[in-house]
Amino acid sequence: MAACQRAAVPTASVAPATSVSVAAVPAPAVAAFSPRVQQLLAQMTLEEKIGQMTQLNLSAINTTGEDKDVVLDSAKATALVRDFHVGSFINGQAVPAAQWVRYSAALQRIALRESRLRVPILYGIDHMHGASYVSGTAIFPHNLNLGATFNPDLARQTARATVLESADLGHHWLFAPVLDLGVNTYWPRLYETYGEDPLLAATMGATFVREAQTNSEIAPYKIAACAKHFIGYSDPRNGWDRTNALIPDQRLQELFRPSFQAAIDSGVKSVMVNSGAINGEAVHASKAILTDLLRRQMGFRGVVVTDWGDINRLVKVQKVAPNEKEATWMALDAGIDVAMTPYDTNFCRYVKELVQEGRLSEERITLSAGRVLQMKEEIGLFDNPMPRADRLARVGDPALLAQAVAAARESLVLLKNEKNVLPLAPARVKRLLVLGPSAESRANLCGGWTLAWQGRAEEGYPKDVPTLVQALRKEYPNATVETLPYRDAKGKPLLTSISAAAKRADAVVLALGERPYTEVLGNTSDLTLPDDQQQLVRAAQASGKPTVLVVIGGRPSIIRAVAGGSAAVIWAGLPGYGGGTALAEVISGKTNPSGRLPFTYPQFAGHITNYHHDANENSAELKDFAAGFSAPGSQYKRTMLTEFGEGLSYTAYAYSGLTLSDSVLTGTTARLRATVQVANTGARAGQEATLWFLTDEVGRIARPVRLLKHFEKQPYAAGQTRELTFTIEPLRDLSYPDGQGRPQLENGWYTLRVGTQTARFRYAGNASANSSAPAKTTGAVVRPNAPANSTN
């Protein structure tokens, strides 16, 4: 797939945040709104505008006050719309589609009746991997698994299924996709990201946004997507959710910005804010991040929404404001448009007081209210506010369910396969033993954000979703597929029964894993595989029978202590409802695995190194790349294939003939065409994701040892060869931003790597090929980075 185009960025520096009152909004800002929105704003009272900026939780308007009940209390909803003009509600859990229609219709009727200007309600919901808060829908793999496919069309299919199964129900504000960069494997929301690479996250995320917001099959409805969580949320220093990240400005620009920039360039209508802090500054109170960076540099024009209760969090947790009123001023001054309060209407009172006191101008409130109304206008909510029940047959459409299974197949990564122990051909297997916490668990295959925020108890999942054991029994109809508990009621491993069962089997599948979690409830201090699961693995390995480790979960468990004793290892992540089927088919050989790791799998607890780390004395030299970081003395020497972008297949691919159209690239508009031959040299068909990496050999700012610049995934018949190309563009592929986002393009040598092939070329700016002097260009700073005789 073509590399994502990054928009040109202004060269102005980011201004520091100040504590002065918000100035009046210039007239052109309001003039940019549609005539309908301008007319509404002209008629609205201050209180009505503030109401559009207020978002309350489901529990404020349901019958029980609990998140799980999608049953409207009309009296509560009427009071909130009539007295506080609340314009947005959120949340829920998985209930039948017809129940959502009844709930949404009743809520919308109240809004249209009680709102003086008949402004409809905008309902937001966390459909994270399919329409996960609706019963019976297609639950796709989580984003980290989608990243492992290196297939952007699967992100598109996920978005399509999500809107097809939810738009008719009144769900018009989709709190997805997560565009955080998955660089910290301790972070409990790692699985919500597309992985650690900025290009991969940008490409997958932008594809999701475009499909979600432009899908015509849901007409007359439209959906507003939400890019979250801006910015730097995913790299907390201690690995725990909603804590401080230490990210230099240049790193923030180069690694964390691209995915959000791609979504903005694709027209994303809303952005949700990082709940944590960057370099000690709470992002919800940061004008430098939410106004200067997001709006001025990156060009975002849509709605900025807080995360859950995060204005009050400035007081109670981060302690950067003495009280909620002051926190409200700080957040609005920083650039917030909508407050996910989510339980009370204090926000309405505090904003009104701040305007009356002159600390906020009404023009500032008009701007945020106008953005919300404009988003409602753009998704057609004024013209089509009511849900509909005549297309509910789309929910649970077998075609969508099949797509979720197909996505799961592509998302599995075969990390190790000694002596080709996999596949286990059904004709050769008479008895298969399946053990571990995920052997019979549907919940573990799906993770958090499935049916409910933290998932549900095992009995809450649809019985027609096959567990791994059920799927293996279908895949091995003539074999005995056995399972048994691996620990007793007190949690003690049943080692004797495990060993006996393993000795009777032809092979053992060890389904490791962890229960669903997300956000702070998933915080951990140790990624090491739990001791009881390690004992399980060792007991099975002691039988001498082939063992297959299947690692299921939202982040990589440290399995170094037991991985060496197993012939095969599969990283399964969180593959969703199709995970059991997909795993069974990969184990049997019906499916040829094609996934590649979208993150660097750590070997040791407490040590994380991303593939795009800066060169240092512990890192491999450039010459080590072709050897797979296995050169003597390299700190990256390892016994397992655990690097970003790695994954095995049941066939073999050979890369050859890497050629460049020139050895020197001159000027900012020149192009360098690279071609390579990729051949399936094995005996069966498969899919291969081809990854192109560039290394800037010398940089004024320390450069990553390599960085993904282009990728594409293609099917290959047995024996088939394809010629693949990558066109290198200087500003897009060779430049990097400084701390203010200004592109730096340096003269010097670059190394291109694809598969086993490498090639070098030189960028000479606008100077002659033999000159190392910097050239003058437009839109970029060009500097020399290495002499012409620099060697690799």
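Colleague: Which residue in E4 does Gly124 stand opposite?
Modeller: This is a predicted model. Strand E3 covers residues 122–125, and strand E4 covers residues 173–174. The two run parallel, joined by 2 bridges. Across that pairing, the residue opposite Gly124 is Trp173.

Colleague: In E3, which residue is the bridge partner of Ser88?
Modeller: Strand E2 spans residues 88–90 and pairs with E3 in the parallel sense over 3 bridges. Ser88 has its bridge partner in E3, and that partner is Leu122.

Colleague: What is the hand of the β-α-β crossover from E2 to E3?
Modeller: E2 and E3 pair in the parallel sense. Between them the chain passes through helix H5, residues 97–114. The crossover is right-handed.

Colleague: Which residues of E3 point the other way from Leu122 and Gly124?
Modeller: In a regular strand the side chains alternate between the two faces of the sheet. In E3, Leu122 and Gly124 share one direction, and all four residues named here are buried. Pointing the other way are Tyr123 and Ile125.

Colleague: How many of the residues of strand E17 are buried?
Modeller: E17 runs from 568 to 573. Ala568, Ile570 and Ala572 point one way, Val569, Trp571 and Gly573 the other, and all are buried. The strand is therefore largely enclosed by the rest of the structure, with the buried count at 6 of the 6.

Colleague: Which strand is joined to E17 by 5 bridges?
Modeller: E17 pairs with two strands named here. Strand E12 (residues 413–417) runs antiparallel to E17, with 4 bridges, and Asn417 stands opposite Ala568. The other partner runs parallel to E17, and its Ile552 stands opposite Gly573. The strand with 5 bridges, residues 547–552, is E16.

Colleague: Why do the buried residues of H17 line one face of the helix, and within what arc do they fall?
Modeller: Helix H17 covers residues 468–475, and Leu468, Val469, Ala471, Leu472 and Glu475 are buried. They pack against strands E13, E14 and E15 and helix H21. Seen down the axis, these buried residues line one face because they fall within an arc of 160°.

Colleague: Is Lys319 buried or exposed?
Modeller: Lys319 sits in the loop between helix H11 (310–316) and helix H12 (324–334). Beyond its neighbours within four places in sequence, Lys319 is in contact with Arg313 and Leu314. Its relative accessibility is 61%, and the cut-off for this class is over 50%. Lys319 is therefore exposed.

Colleague: How far apart in space are Lys319 and Ala282, C-alpha to C-alpha?
Modeller: In sequence, 37 residues separate Lys319 and Ala282. In space, C-alpha to C-alpha, the distance is 9.3 Å.

Colleague: Which helix gives the most to the largest nonpolar core?
Modeller: In soluble globular proteins, nonpolar side chains tend to be buried together. The largest nonpolar core here has 86 residues, and Phe230, Ile231, Ile365 and Leu708 have the most contacts inside it. The helix giving the most, with 7 residues, spans 198–214 and is H8.

Colleague: How many residues are in the second, separate core?
Modeller: Ala131, Tyr133, Leu144 and Leu190 are among its members. This core is separate from the one of 86 residues. The second core has 65 residues.

Colleague: What share of the protein chain do buried residues make up?
Modeller: The chain has 22 helices and 27 strands. Its accessible surface comes to about 27600 Å². Of the 792 residues, the buried share is 64%.

How values were computed:
Residues numbered from 1 in each chain as written. Predicted model: local features only at pLDDT ≥ 70, side-chain atom pairs only at ≥ 80, totals over all residues. Heavy atoms only, no water. Buried < 20%, exposed > 50% of the residue type's maximum accessible area, 1.4 Å probe, protein only. Areas by Shrake-Rupley, 256 points an atom, 1.4 Å probe, with all protein chains shown as cover. Arc of directions from axis to C-beta. Contact = heavy atoms within 4.5 Å. Pairing = 2+ DSSP bridges. Right-handed = clockwise from strand over helix to strand, strands pointing away. Core = buried A, V, L, I, M, F, W, Y, C linked by side-chain atoms within 4.5 Å.
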